[in-house]
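Subject: Structure for your review

Dear colleague,

Please find below the structure that I am handing over to you. I should be grateful if you would read the notes beneath it alongside the coordinates.

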Amino acid sequence: MKKNNNKLLGVVATVVMAIVSLIALFPIISIVLSSFIPSGSLMRNGISFSFPWDELTLSNYTYIFTQSAEYWTWYGNSLWISALMIVLSLFFSSMVGYALAMYDFKGSNIFFVAVVFILMVPFEILMLPLFRLMMDMMLIDTYLGVILPGIVAPVAVFFFRQYALGLPKELMDAARIDGSTEYGIFFKIMLPLMGPSLAAMAILQGLGSWNNFLWPLLVLRSNDMFTLPLGLATLLTPYGNNYDVLIAGSVMTIIPIVILFIFFQRYFISGLTVGGVKG
Amino acid sequence: MNTVTPVSPVRTRKKQNKFLRFLNSKKVVPFVFISPFVLSLLLFTVYPAIQGVIMSFQSVLPGQVEFIGMSNYERVLNPTFYRAVSNTTAYVVLTVIILTIIPMVLAVILNSKHVRFRTLFRASLFIPALTSTIVGGMIFRFMFSEQQGAVANQLIGVFGFDPLKWMFTPWAAIGLMVMLACWRWIGVNILYFLAALQNVPDEMYEAAEIDGATRLQRFRFITMPMLKPIIIFVSTITIINGFRMFEESYVFWAVGSPGNIGLSIAAYIYQQGIQQNDMGFGAALGVVLMLIIFVISIIYLIATGTFKKGDR
């Protein structure tokens, strides 16, 4: 009796979860399908339950691949800005997290508390003064202006510190006896051991800058400098004159990420839930 | 011509060695490691934060900056600001309720061994978090477009309601932003709760079952108290992110929603500071927003006992 009860409940719960999952995936599935119908039709009807199967066409994609150089410029910009930000922020943050975990130095506790407080300063108050600073530094409408303020990643520092605390300190002593410098220890021995945390943070930073909107919106001015979210936002007009690029283009920003997610799920999950390391 | 005094190679090496040894001493190494971070923190966070407070007492025009005392703050209390605050507050209240309760319930279900395809469900619910607000918002604009044939209007049509102009109806405007945020964040919050549920020892449930506790009682008296820290964490993060909300508003109306039905505090800062070029006033708005967020953060830190001494 009890066992049957559990089984029934399991079936009900499975069905509920299946429905919830379908609702969550519905917007993605429908935009992928809609990218294969003429944008005029989507414009007229919105996303509808009665999908016009007879209108299926590849025209949006042929257009974007042959006619829209602009879109590929944005794609390239987003790709290399994200890549550069991953490398720079990982490099600097991992050093700090490692130093906080492995060395007892004067002021390390104060430094840590200070970082906690700085973490609480919302970007919205920094936004205008940072914008002014960028104007003074002549960095408006430059990639450097987009990248520089993003290199500081206190969240990543926390994550790396937490991870480094779990690494064996004996390895450091052994390496010292072998004559390795402190920097050699970090780059040749400890950094490779931090691999999984590096992967998780690479995904957090990468996804963050791939999807970042507000700061590039302030800094970048000319169309050919735009990143993907900025470029796509300019196409999002009520007139719908560029919807073929908008729809197919949006789909092509999601799909690579979803594929990466399927292969590296574990790292995605630990990267995106980094705030919970303490809880 | 060459005025540099020749130095013997032995001496240079000695000097270099001393310098290298200094660089490699355990006292110096950590400072070398943290210095680039500290520099960029000072330049791109500390300096702008201070500058932001100073600017809020200034009138900032190109090449013409003067102190004007409190008058930026006096201007803050205006109808548009009230509108932005009430929109943002409504958004925060709704998102915090939805994004705490629903993920918790779904995580409890996903944690049960009787449910099948758990990994698949978890992954499906997580995928929306991979989209940007801009792309997600664009999809929502098509689902909630004013045409009769759009998904949202088809659904309410089933219940006999007339098609709605979602983006131009005040309560629906808030609803759109809330739904977009909840759709994107549910999967992430589920993961937080799942991680916390993993720490609840099975023995507690077994003991309760032997004592005759019902399923609901077990949830109320074992699961809920064990999840308390993560509930506080998730709700605080949601509240803070809610008060900072910008993109959800921007993707639907850029910065000009009719009657400001979709204006958030952050969008108001952008509108005044960047678009109207009234940076001093924008900075004052930023300071007000920062105070709101500080108070919430401190309540969170007290609630979780971060300030209490003791081992974790």
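The notes that follow concern the cavities, one pocket and a surface patch.

Please bear in mind throughout that this is a predicted model.

Enclosed cavities

The structure contains two cavities of 30 Å³ or more. The largest cavity holds about 40 Å³ of space. Its lining draws on both chains: A:W210, A:N211, A:L228, A:P229, A:L232 and A:T253 come from chain A, and B:S132 and B:V135 from chain B. Two helices of chain A, α11 (195-211) and α13 (228-235), each supply at least two residues of this lining. Of the elements involved, α13(A) contributes the most, with three residues. By class, the lining of the largest cavity comprises five nonpolar and three polar residues, and no charged ones.

The second largest cavity has a volume of about 30 Å³. Here the lining residues are A:W210, A:N211, A:T253 and A:I254 of chain A, together with B:L130, B:T131, B:S132 and B:V135 of chain B. In chain A, α11 and α14 each provide at least two residues of the lining of the second largest cavity. That lining divides into four nonpolar and four polar residues, again with no charged residue. You may wish to note that A:W210, A:N211, A:T253, B:S132 and B:V135 appear in the linings of both cavities.

The second largest pocket

About 1,000 Å³ of space lies in the second largest pocket. Its lining is formed by 25 residues, and those nearest the centre of the pocket are B:V108, B:S112, B:Y205, B:R215 and B:R218. The elements that give two or more residues to this lining are α1 (2-34) of chain A and, from chain B, α4 (79-111), α9 (202-210) and α10 (215-243). The lining of the second largest pocket is made up of eleven nonpolar, seven polar and seven charged residues.

A nonpolar surface patch

On the surface, A:I255, A:I259, A:L260, A:F263 and A:F264 make a nonpolar patch of about 490 Å². One of these residues, A:I255, is placed in helix α14 (residues 243-263) of chain A. Is A:I255 buried, partly exposed or exposed? A:I255 counts as partly exposed because its relative accessible area is 35%, which falls between the 20% limit for buried residues and the 50% limit for exposed ones. The same value is over the 30% required of a patch residue.

With kind regards

Definitions and conventions: Residues are numbered from 1 along each chain as its sequence is written. Chains are lettered from A and ligands numbered from 1 in the order in which they are written. This is a predicted model: local features need pLDDT of at least 70, side-chain atom pairs count only at pLDDT 80 or more; totals for chains, interfaces and linings use all residues. Side-chain values use heavy atoms; hydrogens and water are left out. Patches are made of residues with over 30% relative accessible area and no salt bridge: like charges are joined within 9 Å, nonpolar side chains (Val, Leu, Ile, Met, Phe, Trp, Tyr) within 5 Å. Accessible areas come from the Shrake-Rupley method with a 1.4 Å probe; for residues, only the protein chains shown count as cover. A salt bridge is a side-chain nitrogen of Lys or Arg within 4 Å of a carboxyl oxygen of Asp or Glu. Helices (H or I, at least four residues) and strands (E, at least two) are DSSP runs, numbered from the N terminus. Buried means under 20% relative accessible area, exposed over 50%, partly exposed in between (1.4 Å probe, protein chains only). On a 1 Å grid over the protein atoms alone, a cavity is a set of points where a 1.4 Å probe fits but cannot get out, and a pocket is an open set with protein on both sides within 12 Å along at least five of seven lines; lining residues have an atom within 4 Å of a point. Grid points are joined across faces, edges and corners, and a volume is the space filled by probe spheres set on the points. Ala, Val, Leu, Ile, Met, Phe, Trp, Tyr, Cys and Pro count as nonpolar, Asp, Glu, Lys and Arg as charged, and the others, Gly among them, as polar.
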